[in-house]
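Got the viewer open? Let's walk through this one selection at a time.

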Amino acid sequence: MSAVVSAADVRRSRVRLLIVTMLFLVTTVNYADRATLSIAGPALSKELHLDPVAMGWIFSAFGWSYVVAQVPGGWLLDRYGSRLVYAFSIIIWSLFTLMQGWVGFLSAGAAVVVLFALRLLVGIAEAPSFPANARIVAAWFPGNERGTASAFFNSGQYFATVIFAPLMGWIAHAYGWRFVFFVMGALGIVMGFVWLKTIYGPKEHPSINEAEFDYIREGGALVDLDAPKNDLPRARAAEAGSGWDHIRQLLSNRMMLGVYLGQYCINTLTYFFLTWFPVYLVKERGLSILQAGFVATLPALCGFIGGVLGGIISDAILRRTGSLTMARKIPIVGGMLLSMSIIACNYVDGQALVVGFMALAFFGKGIGALGWAVVSDTSPKEAGGVSGGLFNTFGNLSSITTPIVIGYILAASGSFNGALLFVGLNALVAAFAYLVIVGKIERVTLKRSS
């Protein structure tokens, strides 16, 4: 029997590995583009004479539109499929990123208004990205590989800092902050065209063989999610027509509400890192912008390692126990408790210790960042995009609140101590949400509206 299985393994293609690699690369560019403002921020704020509260509001601009556009973005994915909607998204957000470099040629007042508007447009354009990631993983991966696949693409948010924080720091130091936006925008446009050449659904991909297709389908992959059918526009329109009912049912599901709260709190750590962390290193710890770019790579690298490890641990628990609930909750709760070590930075002075505790916190955050695996596990087939959009709506409310709250804490206290306590307590609430509110993790079955 083992010889037969081995022979099947040899014959099976590995196209899904290419798919998840592309998701990882696009997510890396996605988060690098979000972080451009944090790297350029110290020099930009000095040139435009912006105080912490003003910077907090500019940092939050992305989040306002990103949150508002989540459910419409999810509807577009359910209506038109992941491949084309995602490609359009990548190219448009990259154009708006590139255009942010031009604000340096405007007067200070006009620059602030235009920069805020461009960040709003980036948020709208990026809205379909993570719901699309979840849909693609659900279509391409069997259940026992979904945690690792989701954790791998999600770890791109940390890898973005490992690769691009030093690069963007060097660009800002050597050529000025404007070129951070020019370079990252151009890179994203190229990535959009690469996406179109490499991403297809399981039924359409030219390189997948029958053995791999059968393997992922029998393992629970939703291989028909974006499959072309003669009646697909009509079918998708019918599903979209009941979208408000889908939303109502998802919002009345206790498990999903616990998942939404957990993701909001988990993302508070993410957006501290994407917005205020380089500023913390420069203003609180006395580093130069170039040093901050390089120092930020160690916590990011630990977050990346933790992110991949969290998915591997989760899928290993699933294979051993058969319990999806245990497989997802153990890494999430344990990781969130570990990430509370960020508070310890308030009680040490040495830069090495500060970076060490930050690294430990983001390692824990990486292990616990399995929310998108949970979305792939739980989303109803007929509303995968809307479900992912709702999840990302709640999760990214913290992209609005985190930079603003920290900006006001800094303005009131002149110190990051309260900010780090705020971030650490959010990790504790995330652990509570999964332990107490979520309950059993299982796929949601929607009731047909009469």
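How many aromatic pairs does a search of the whole structure find? The search turns up 18. Keep in mind as you click around that this is a predicted model.

**Stop one: an aromatic pair.** Select Phe179 and Phe182 and show their rings. The two make an edge-to-face aromatic pair, with 5.3 Å from centre to centre and 90° between the planes. Now add the backbone of helix H10, residues 178-198. Phe179 and Phe182 sit three residues apart in H10, so about one helical turn separates them.

**Stop two: a salt bridge between helices.** The structure holds eight salt bridges. For one of them, select Glu145 and Arg16, whose side chains meet with an N to O distance of 2.9 Å. Colour by element of secondary structure and you'll see that this pair joins distant parts of the chain: Glu145 belongs to helix H8 and Arg16 to helix H2, 129 residues apart.

**Stop three: the two domains.** Zoom out and give 14-225 one colour and 241-449 another; these are domain 1 and domain 2. Their contact draws on 56 residues from domain 1 and 57 residues from domain 2. If you drop a marker on each C-alpha centre, the two markers will be 18 Å apart. Want a surface view? Between them, domain 1 and domain 2 bury about 4700 Å², and 72% of that is on carbon and sulfur atoms.

**Stop four: across the interface.** What does the salt-bridge rule find between domain 1 and domain 2? It finds one salt bridge. Select Asp377 and Arg146 to look at a salt bridge whose closest N and O atoms are 3.7 Å apart. As for polar contacts across the interface of domain 1 and domain 2, there are eight residue pairs, with both residues at pLDDT 80 or more.

**Stop five: the domain 1 side.** Hide domain 2 and look at the face of domain 1 that touches it. The elements giving two or more residues to that side include helix H2 (15-48), helix H3 (52-68), helix H4 (70-80) and helix H7 (129-140). Helix H8 (143-154) and helix H9 (156-175) are also among them. Highlight H3 here, since you'll want to see the largest share: twelve residues of this side come from H3. Finally, colour the side of domain 1 that touches domain 2 by residue class, and it divides into 33 nonpolar, 17 polar and six charged residues.

Conventions. Residues numbered from 1 in each chain as written. Predicted model: local features only at pLDDT ≥ 70, side-chain atom pairs only at ≥ 80, totals over all residues. Heavy atoms only, no water. Domains from an automatic or database assignment. Contact = heavy atoms within 4.5 Å. Buried area = accessible area lost by both parts, 1.4 Å probe. Salt bridge = Lys/Arg side-chain N within 4 Å of Asp/Glu carboxyl O. Polar contact = N/O pair within 3.5 Å; in protein donor to acceptor, adjacent residues only side chain to side chain. Helix = DSSP H or I, 4+ residues; strand = E, 2+ residues; numbered from the N terminus. Nonpolar A, V, L, I, M, F, W, Y, C, P; charged D, E, K, R; others polar. Phe/Tyr/Trp six-rings, centres within 6.5 Å; stacked < 30°, edge-to-face > 60°.
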